[in-house]
Each structure stands twice: as structure tokens, then as C-alpha cells.
Amino acid sequence: MTETAGTGSTSALPFSKMHGAGNDFVVLDLRGDRDAPQPDLCRAIAHRHHGVGCDQILTIEAPRTAAAIASYRIWNADGSSSQQCGNGARCVAAWLVREGSAPAAGEFQLDSPIGAHTVQRLGDGRYRVNMGVPEFEPARIPMVGFDAARDPYVLPVRGSIMPVGAVSMGNPHALIEVDDIDTAELDLAGPGLQDHPAFPESVNVGFAQILGRDRIRLRVYERGVGETLACGSGACAAVAILARRGLVDRDVKVSLPGGDLQISWPTDDQPMVMTGAAAFVFEGEWNA
Ligand SMILES: N[C@@H](CCC[C@H](N)C(=O)O)C(=O)O
């Protein structure tokens, strides 16, 4: 048997490859005696050429609260951890429904790194996730150098001055509104904002193009990954910032390069709700 580095186990590691709107995951069931993967192992699994390839690794673990079916954690492709992953939450829910440990109809609860939240499989097979209430206070994002929330923050980024929206969805997000996301300079502004001293824990950077009051296009340069085909928390962040600016309504279709998400936010102090698909791609076993 092969030693599986960092999991605390000597056996091969079974996994499911999944995606939500093209944001792809390797899902590991750690409810037995396995430890969470170390950063080296995350990087090896996530590698697009030498590994399985994924944006994030999702580890399903024992529930931490009585009402939850399971808990999960999120590991970016670079081995760093995150507090929130909207597309990942749908995939974890679908994985548990397929296994039979979560109901195929009706709400159930999962423990995420930022606390318990509800999910539900809908009649059309999509999943609805309670994504929590967006937090605009700089200290909660976290952002340094600002005592109170502003919109936009005007930040110097790699030689340009940029108007930037910022919010926490449990994880930090920045947003730049553009005329056309196809020509947005993700590779410049993305890393520029991620390294910016205003964001001490780095940041996921969204580029949003408004198509109408109920429809936007979005690309996201994610923390710990680079550009992904979709980011669920990024879609919520974009709608939260644009709705607060009065530019979109409270129920918005967000079109990302890998697929669409529906985001609703009834009022400022209520949780955002994300609806989208979750897909199985293949099953495998990690032996390296
Ligand atoms: N793709 C995810 C977010 C994953 C975590 C993010 N890269 C971070 O470091 O906060 C989503 O669907 O929300």
C-alpha cells in the first residue's frame, strides 16, 4: 500500500471529481480516520498536469453541530484554506444526497468553516444554498486603512487608480465594474488587488458587466487559484455590491464563463440565496 502524504492514512484515497458551473473540485470523504490534506498534497492533487486538476479540494468531515448532516472545509489549489465556497457547498450537498445521507427533497443543514447553513435540492436537480448576510464593514472583510465602509474604495493598483467595491461573504471579495468583461484586465488587476496592502488576507477579485437590472456577466480571479470558470461567493458579492449601488435588482442571473447562477437577496439584513447546478464528473483513487 502506498503512503498517502498528509492524510494520516496509508491507504489509497478515493475521490469524486465534481464541478459547479465549471468551478471544479476534488471531493474527499474524511469522515473516517483520515486527517485533512496538508498543503503539499492539495497542490499535488490540484495540479492540472501532474495531478487530478481542480480549483479547490473539498473535504467532507463529521458534523460539528447536532442539526448538521456533515461539515466541510475548502482548500484552494495553492494549498491555502478558505472560509466559504458557494459552488463547493452545492457539490458537497449533491455528494451527500447521492450517498443517501442527505434528503433528495427538503432542506438540510451543513457545517461550513463559518458556521451552519441550509441547502436544498430542488425539483429540477439544482441546489439552493443559504450564503449568509454580506458584511461591508472593512474590519470584517478584512480591509485595513479604512475605519468605515465606503463604496467605492479608490485604490492604486499597479500604476492605475481603481474604484473598487469590497464585501465579505465569509471570504473576502473585491469588485470592479467594467463595460465588457471580455476585455477586462484580470491578469493585471487580479494579482494587483490580491497583493494590495489594503487586503491583509488577500482577496477574490470579480469583474462585473451589467447587462440589465436582473442580469450581469462576471469573471472572477480567485484567491489561491487564479481565474476560475465560476465563483459562487463571488457571484453573491457582485450582486450585493451592485444592488447596494442601486444598479441591479434583488434577484439577478449571474452569467459566468462556466455557467449561470441565480442570486437573490430579499433585503440588506437577510441572507443571500444562491441557486445553481452541481455535477459529478468521475470517481478515482489518489495513490501518489
Ligand atoms: N470558488 C469558490 C470560492 C473558493 C474560495 C476562494 N478562492 C477563497 O480563497 O476565498 C466559490 O464558489 O465561492
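This passage looks at the surroundings of the ligand and then at some backbone features in a predicted model.

A good place to begin is the ligand. Around the ligand there are 20 residues, and those that come nearest are Ser82, Asn87, Asn171, Gly232 and Ser233. Three elements each give two or more residues to this shell: the strand β4 (70-76) and the helices α2 (86-99) and α4 (232-244). Of the elements, α2 gives the most, with three residues. Both domains take part, as at least three residues of the shell come from domain 1 (13-129 + 277-286) and at least three from domain 2 (138-270). In character, the shell consists of 14 polar residues, four nonpolar ones and two charged ones.

Turning to the backbone, the loop between β8 (127-132) and β9 (153-157) is worth a visit. Pro142 is found in this loop, and a cis peptide bond with an omega of about -5° joins Ile141 to Pro142. Pro152 lies in the loop between β8 and β9 as well; here the cis peptide bond is to Asp151, with omega at about 0°.

Positive phi angles also appear at residues that are not glycine. Ala21, in the loop between β1 (13-20) and β2 (23-29), has a phi of about 55°. Ala21 counts as buried because 26 C-beta neighbours lie inside 10 Å, where 20 or more are needed. Arg158 has a positive phi of about 45° and is found in the loop between β9 and β10 (160-168). With 13 other C-beta atoms within 10 Å, Arg158 is partly exposed.

Key. Residues are numbered from 1 along each chain as its sequence is written. This is a predicted model: local features need pLDDT of at least 70, side-chain atom pairs count only at pLDDT 80 or more; totals for chains, interfaces and linings use all residues. A residue is near a molecule or strand if its C-beta atom, placed from the backbone, lies within 6 Å of it. Helices (H or I, at least four residues) and strands (E, at least two) are DSSP runs, numbered from the N terminus. Ala, Val, Leu, Ile, Met, Phe, Trp, Tyr, Cys and Pro count as nonpolar, Asp, Glu, Lys and Arg as charged, and the others, Gly among them, as polar. Domain bounds come from an automatic or database domain assignment. A residue is buried if 20 or more other C-beta atoms lie within 10 Å of its own, exposed if 12 or fewer, and partly exposed in between; C-beta atoms are placed from the backbone.
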